[in-house]
Amino acid sequence: MDENRESQDQQDFLPKSDTISSIDSSALEDTNNLQFQNRLDLSELQQSVNKIKQEVGKIIVGQKDMIDMLIASLLAKGHSLIEGVPGVAKTVTAKLLAKSLSVGFSRIQFTPDLMPSDILGTSVFNLKKSEFEFKKGPIFSNMILIDEINRAPAKTQAALFEVMEEQQITIDGNKFILDAPFIVLATQNPVEQEGTYRLPEAQLDRFLFKIDVDYPNLDEEIEILSREHELKDKSKTEALASFLTGDQIVKYQNLVSQILVEKHLLKYIAELIVATRSNQFLYLGASPRASIAILKSSKAFAAMSGRDFVTPEDIKRAAIPVLHHRVIVTPEREMEGVTSKQIIKQIIETVEIPR
């Protein structure tokens, strides 16, 4: 009796054949071809990102992850620390990125005798006016490349704290606001320790990403040699075009900040951060600044993909470069060869992805 009633209910639920035949076939095609449009227009941003990749790709072979993260840090108003052995195009890539943008660029070579005034600027007495005038240092630009940042002592490192966090400098009681966009790209060599100073945790925390640059593979190495051979006496950067202005970058940065993030994804980011604080293999977990960094960078990755909303994949993509320089592995695990990247990967796998 129940089975007959259930089958009758199913028959009542199914549409009649004459109803199906009466549906306009063009309406079905429209439904199949339905595409959801973004709430924000990201087409111009995507085109600009692709142009930057194409321009930098004319010179740099491979290193796609590094280029993506540098662009993401630019869109997210963040700074990046690039770490790798000498000769893997850390400095060249940062210079090429700056050249593809029509913005101010300064390069500062950090050395053990560098003083804070060499970066920020200093007050000079003007004999004609009989007063002190402030002469701006190289930090007063849009894109700053700091080469071998770990070669300067702590006093010079501390000079960057305020400007990297607040985009302003306070000298002699006067406040100087830096023009937007403002981004610091710093490089360091993880192998050579002589004549270097370990970056303080407070400064590491101010970098949105720490980008590890590895060696190229065999095919990429061959391509590098082929391009170098074809160049002969030509400059690598002479054919590179600048096409993106500072105003456009600020516009894209404001657009990225409007990317939609669902509440359950905010909870997912918080759960990842809290998991670092309770992990038995970590001596120091991530701070709230790290959760904000994941939020901003995941928005940038979403915009670069042409979406006006963040997905769990964007968050997972941002987690390792945002977190692995902000946490400290316990001495016991560090002696066993366990790295912060491995622990973060494990945390990502254990925290449940929202559906």
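Which residues does Gly246 touch, not counting residues up to four places away in sequence? Some notes on that and on a few other spots follow; keep in mind that this is a predicted model.

1. Starting with the glycine: Gly246 is in contact with Ser102, Val103 and Pro181, once residues up to four places away in sequence are set aside. Its place is in helix 12, which covers residues 246–257. Pro181 is 65 residues away from Gly246 along the chain, yet the two C-alpha atoms are separated by 6.2 Å.

2. Is Gly246 buried or exposed? Its relative accessibility comes out at 15%, and buried means under 20%, so Gly246 counts as buried.

3. Now the sheet. There are 5 strands in it, the sheet is open, and the order reads 3-6-9-1-10 with parallel pairing. Strand 3 (105–109) and strand 10 (209–212) sit at the edges, each pairing on one side only. From one strand to the next, the twist averages 15°. As general background, strands of a sheet pair through backbone hydrogen bonds, in either a parallel or an antiparallel way.

4. Strand 9 deserves a look of its own. On one side, strand 1 (residues 80–83) pairs with strand 9 (residues 183–188) in the parallel sense, over 4 bridges. If you want to check the register there, Ile82 stands opposite Thr187, and Glu83 has Gln188 as its bridge partner.

5. Strand 6 (residues 143–147) is another parallel partner of strand 9, again with 4 bridges. Here the pair to look at is Ile144, which stands opposite Val184 of strand 9.

6. How many of the residues of strand 9 are buried? The count is 6 of its 6, so to speak a mostly covered strand. Ile183, Leu185 and Thr187 point one way, while Val184, Ala186 and Gln188 point the other way, and all are buried. Two of the residues named in the register points turn up again in this list: Thr187, opposite Ile82, and Gln188, the bridge partner of Glu83.

7. For contrast, look at Leu127. This residue lies in the loop between strand 4 (121–126) and strand 5 (131–136). With a relative accessible area of 71%, where exposed means over 50%, Leu127 is exposed.

8. Leu127 also belongs to a nonpolar surface patch, made together with Phe125 and Phe132. The patch amounts to about 390 Å².

Definitions and conventions
Residues are numbered from 1 along each chain as its sequence is written. This is a predicted model: local features need pLDDT of at least 70, side-chain atom pairs count only at pLDDT 80 or more; totals for chains, interfaces and linings use all residues. Side-chain values use heavy atoms; hydrogens and water are left out. Two strands pair if DSSP finds at least two bridges between them. Axes are lines fitted to C-alpha atoms, for helices over the stretch in contact, and angles run from 0 to 180 degrees between N-to-C directions. Buried means under 20% relative accessible area, exposed over 50%, partly exposed in between (1.4 Å probe, protein chains only). Contact means heavy atoms within 4.5 Å. Patches are made of residues with over 30% relative accessible area and no salt bridge: like charges are joined within 9 Å, nonpolar side chains (Val, Leu, Ile, Met, Phe, Trp, Tyr) within 5 Å. Accessible areas come from the Shrake-Rupley method with a 1.4 Å probe; for residues, only the protein chains shown count as cover. A salt bridge is a side-chain nitrogen of Lys or Arg within 4 Å of a carboxyl oxygen of Asp or Glu.
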